[in-house]
Amino acid sequence: MTDTGPILLVEDNELNRDMLVRRLNRAGLEVISAGNGQQALNLMLSEQPSVVLMDMNLPVLDGWAASRQAREDERISHIPIIALTAHASEADRLNALEAGCDDYATKPVDFPGLLIKIEKLTRA
Amino acid sequence: MATNTRAADTAWGDHLLRAIIQLRELFSGRQAELDHEALEDFSRLFEGADRLQRMLEDTTQRSNTHDLMNALAAIRGYGEMLREDIGPQQPALDETLSQLLEAIHAAHSAHTGNGVGTAQPLLQAQKIQSEPGFILAVDDLKENRELVARNLSRMGHFVVTAASGEEALHALEQSDVDVVLLDLLMPGMDGREVLRRIKEHPEWRATPVIIISGNQDMDGIIECIEAGADDYLFKPFNPVLLQARIKAGIERKRWHDREEQYRQQLERNEKFIRATFGRYLSDEIVTDILERPEGLELGGDLRKVTILMSDIRGFTTLSERLAPAQVVTMLNRYLGAMTDIIMAHQGTIDEFIGDAILAVFGAPKRGDDDADRALNCALEMQAAMSTINARNEAEGLPVVKTGIALNTGDVIAGNIGSERRSKYGFVGHPMNVTSRIEDLTAGGEILISESTLRSLRGNFQVGDSQEVKVKGIDESIVVHQIIQGVT
C-alpha cells in the first residue's frame, strides 16, 4: 500500500458512509469522505487521494458524471476510481467502466474483496 | 433511480427482519459483556435495521432499491465488523450475526435477480390455505409483535398483540381467541405463567398455545408442552412453519368448539331426559337410556313386564278424618319411602293415583329377573311399613297398612299421550288384572298372579293360593299369597 494520500469515500448515505469509514480505518487506512459528486471532485483536487470509492447514486452530481469529469481533468485523471454500485447488473457495471472507473464493487460490499481492489489500484 | 421495490411483500424481507429481531433479543441480554466499540457498532447496526424496517413496512410508499441497498450495506458492514471483533468471545451473537449476514446475502441476491430460490418460501406460505382465525400474539418486543402481526394479517388472520403476560390475560378475557402465540421470555409475568393460567382457566383451557422461544431451549419447550402447550417455534421462525402451525391450531380450536357445542347439546338433551323420565325411572335406568339410546325403544313396543300395584287399605275413609295437611304429610312420607324402594329395585313408577302406586319392572329396561326384583321390592315395601307407622304414631297420625299385587304379562310400553302432554306409560290387559288383584289384597298382604309365580327364578315362600273370579274379566285367575319375613 502506498502512502501517497488518503482514500476518498464518496457516499451520500451517512449510515453507510460512517460504516465504511469505520471499516477502512480499522484496516489501517486514512479516509476522507464526500457526500456528493461535486464535493468529490473538489476533494480530489485538493487532497489528491490515492483512490476514490465512488457511489454511483449521488445527489448534485452523480457518480457516473463525476467519474467522467474526473477523467477529463488531467489534474485528477490519474486517481483510480472504484465504483460502488447497488446493482450488479451488467449495464451498471459497463456504465461505470465507460464513465472511466477502474473497477467496481457491488453493495453491500464484500469488504476483503474491496481491500484487495484498493491495494491493487494504489500499488499500480 | 427508476427501479422500485415492494420489499414488504418479499420473503427475504421477513427473513431479514426475523434475523434482526433475534439479534436484538440476544444483544439485550449480552450488552453488559460488550466493550464500548462493540456497543457503538451494534447501535449503528440497529440504526440501519430501523431504517430497513421502516422501508420494508412502508407498503404504501415504495422504497427505492438504492436506499434499501444502502441500509443492507450498512447492516452488513457493522455485522461483519462485529463478527471479527466479538465473534470468538460471543459464539451465540456470532451465530446470530452470521444468520443476519446470510439473510442480507439472500436479500441482495433477490434484488440482483439471482434470488429465484429465495422467493420460494413466500410461494409456499401462500399455498397454505387456512380458515381465518383470531390470533393473540404475546411478545414483550415490539418488533416481534409487529412482524408476527404483519405476517399473519397478510394470511387473512385477525391479530391482536399483547406486550406482557398481564396484557395477554386481559386480551383473552376480552375476546374469543383461537390460537395464542406466546413468547417464553418476558419480563414480569413470563410465558410459562401465562400458559399455566390459560390451562387452568375453564374456558381458555382448550385454546391452543404455540410457544415461541428465542434461544434453542429444548428443555424449556418440553416443560411447556408438558404444561399443556400445543406446539412450539424457535425464533427466527420460518413464515411457512408459522402459518402451518397456526392453521393446525385453528383447526384444533374449531374441532374443540364443535365438540363443545355437541357436548352442550347432549347435556341439554340429558337434562331434558332426566327431567322427563327422572321422576318415574331410577337414575340407573335414565343413565342407561342416555348411554345407549339406541338400545331402548321408547316409541312403543309390546313387552313382558311384571306390574306392581300397591294401595293403602281404607285410605279414602282415613283421609276424610284427617286435616288436609296431615293427609299430605302422611302420603308424602309413604310415597317417598316407597319410591326409594322401587327405584332401588330398578322399577319404573308409572303413576301415583292418590295413595296407590303403579310400578312396572322390565320396561324401559328389560331384565332377566324382572319378576324377582318386583317381588323383592314388594317384600321390602311391606317391611318398611313398620318404620313409616312408627313415625306416624309418634306424630299422632294413624297407622296404615298396604296391600300389594304383582302380575306379569305383555303390555304396550311407550310414550303415550298427546303432543302437549305425553309420558312413558303402559297399556294392556295385564294392567287391569293387576288392579283387580290389588283389590283382593288385605292390609300388609302381597298377592301375586300365576304368571308372576311362573316367572320367578329365586326362592320365595308361597302361601295360600286361590282361584278368583274378578270383576270385568271373563276367565278366573289364580293368585298366590307370599309369606313375608322369611328369606
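This briefing walks through model confidence, a sheet in chain B and the helices around that sheet. The model is predicted: local features need pLDDT of at least 70, side-chain atom pairs count only at pLDDT 80 or more, and totals for chains, interfaces and linings use all residues. Residues are numbered from 1 along each chain as its sequence is written, while chains are lettered from A and ligands numbered from 1 in the order in which they are written.

**Confidence in chain A**
- Chain A has an average pLDDT (the predictor's confidence in each residue, from 0 to 100) of 84, and 91% of its residues score at least 70.
- Among its elements (DSSP runs numbered from the N terminus: helices are H or I, at least four residues; strands are E, at least two), strand β1 (residues 7–10) has the highest mean, 94, and helix α4 (residues 90–98) the lowest, 75.

**The sheet in chain B**
- Five parallel strands make an open sheet ordered β2-β1-β3-β4-β5; strands pair if DSSP finds at least two bridges between them.
- β2 (158–162) and β5 (231–234) of chain B each have a single partner strand, so one side of each lacks a neighbour in the sheet.
- Parallel strands β4 (residues 209–213) and β5 of chain B are joined by four bridges, and B:I212 sits opposite B:L233.

**Helix α8 of chain B**
- Within α8 (residues 191–200), the residues B:G191, B:V194, B:L195 and B:I198 are buried, meaning that 20 or more other C-beta atoms, placed from the backbone, lie within 10 Å of their own.
- They share one side of α8(B), because their arc around the axis is only 100°, taken from the directions from the helix axis to the C-beta atoms.

Definitions and conventions. Buried ≥ 20, exposed ≤ 12 C-beta atoms within 10 Å, placed from the backbone.
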